[in-house]
Amino acid sequence: MQVVETNPRTAIEGYSQVVAQLSCNNTPSAVMELTKCLCNRALCFLKVGKWDSAMTDSHAVLEREPANVKAHFRLASALFKGGHVEDQEAVNKVALHASIATALAKKIGTVDAPTLELLNAIGSKSARPVAT
């Protein structure tokens, strides 16, 4: 199932319907599709500033696929943009997910500008270096 929508709010509704349908199906293809939908919905939540919802979906993706680059990046983005950097431990958590995303992306050869911008922003708040 594919949700093709340019409006993030409308896409969230579409992904939510698909997620509800797929949540009842435990076949490997349904689980794979559910993971994609959750990851895409997390991106839509980021676009509309729903940081907690983006974190929830990103965590759900990482439970299913711990090496999902996009989910690590989206989780780091939601944590950082949502203001969850109130102390050094929180900054380190964001940096960890961003660094994992970067390491995985480098492995497959796709580190993009948004990833580097987030790492630089996190690095400015971190007491230790953030891998880029």
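Me: How far does H2 reach from its first C-alpha to its last?
Reply: This is a predicted model, in which local features need pLDDT of at least 70 and side-chain atom pairs count only at pLDDT 80 or more, while totals for chains, interfaces and linings use all residues. Residues are numbered from 1 along each chain as its sequence is written, and side-chain values use heavy atoms, with hydrogens and water left out. H2 has 20 residues, and the expected span of a helix is 1.5 Å times one less than its number of residues, so 28 Å is expected for H2. The reach from its first C-alpha to its last is close to that, at 29 Å.

Me: How many helices does the protein have?
Reply: Helices (H or I, at least four residues) and strands (E, at least two) are DSSP runs, numbered from the N terminus. The elements run α-α-α-α-α-α from that end. There are zero strands, and the helices number six.

Me: What share of the residues of the protein counts as buried?
Reply: Buried means under 20% relative accessible area, exposed over 50%, and partly exposed in between, with a 1.4 Å probe and protein chains only. The protein has 132 residues, and the buried share of them is 42%.

Me: Which helix supplies the largest share of the largest nonpolar core?
Reply: A nonpolar core is a set of buried Ala, Val, Leu, Ile, Met, Phe, Trp, Tyr and Cys residues joined through side-chain atoms within 4.5 Å. The largest one has 30 residues, and Leu-22, Cys-37, Leu-38 and Leu-118 have the most contacts inside it. Helix H1 (8-22), helix H2 (28-47), helix H3 (51-64), helix H4 (69-81) and helix H5 (88-108) each supply at least two residues of this core. The largest share is eight residues, and it comes from H2.

Me: Which residues does Leu-38 touch, leaving out those up to four places away in sequence?
Reply: Contact means heavy atoms within 4.5 Å. Leu-38 is one of the buried residues of H2, and what covers those residues includes H1, H3 and H4. Beyond its sequence neighbours, Leu-38 touches Val-19, Asp-57, Ala-60, Val-61 and Arg-64.

Me: Is Cys-44 buried or exposed?
Reply: Cys-44 lies in helix H2. Neighbours within four places aside, it is in contact with Pro-8, Ala-11, Ile-12 and Tyr-15. Because its relative accessibility is 9%, Cys-44 counts as buried.

Me: What distance separates the C-alpha atoms of Cys-44 and Pro-8?
Reply: Cys-44 and Pro-8 are in contact. The two are 36 residues apart along the chain, and their C-alpha atoms are separated by 5.0 Å.

Me: Where is Glu-65, and what is its relative accessibility?
Reply: Glu-65 sits in the loop between H3 and H4. Its C-alpha is 9.3 Å from that of Met-32, which is 33 residues away along the chain. Glu-65 counts as partly exposed because its relative accessibility is 32%.

Me: What phi does Gly-49 take?
Reply: Gly-49 comes just after H2. Its phi is positive, at about 80°.

Me: How much of the exposed area do carbon and sulfur atoms supply?
Reply: Accessible areas come from the Shrake-Rupley method with a 1.4 Å probe; for residues, only the protein chains shown count as cover. The protein exposes about 7,400 Å², and the part supplied by carbon and sulfur atoms is 54%.
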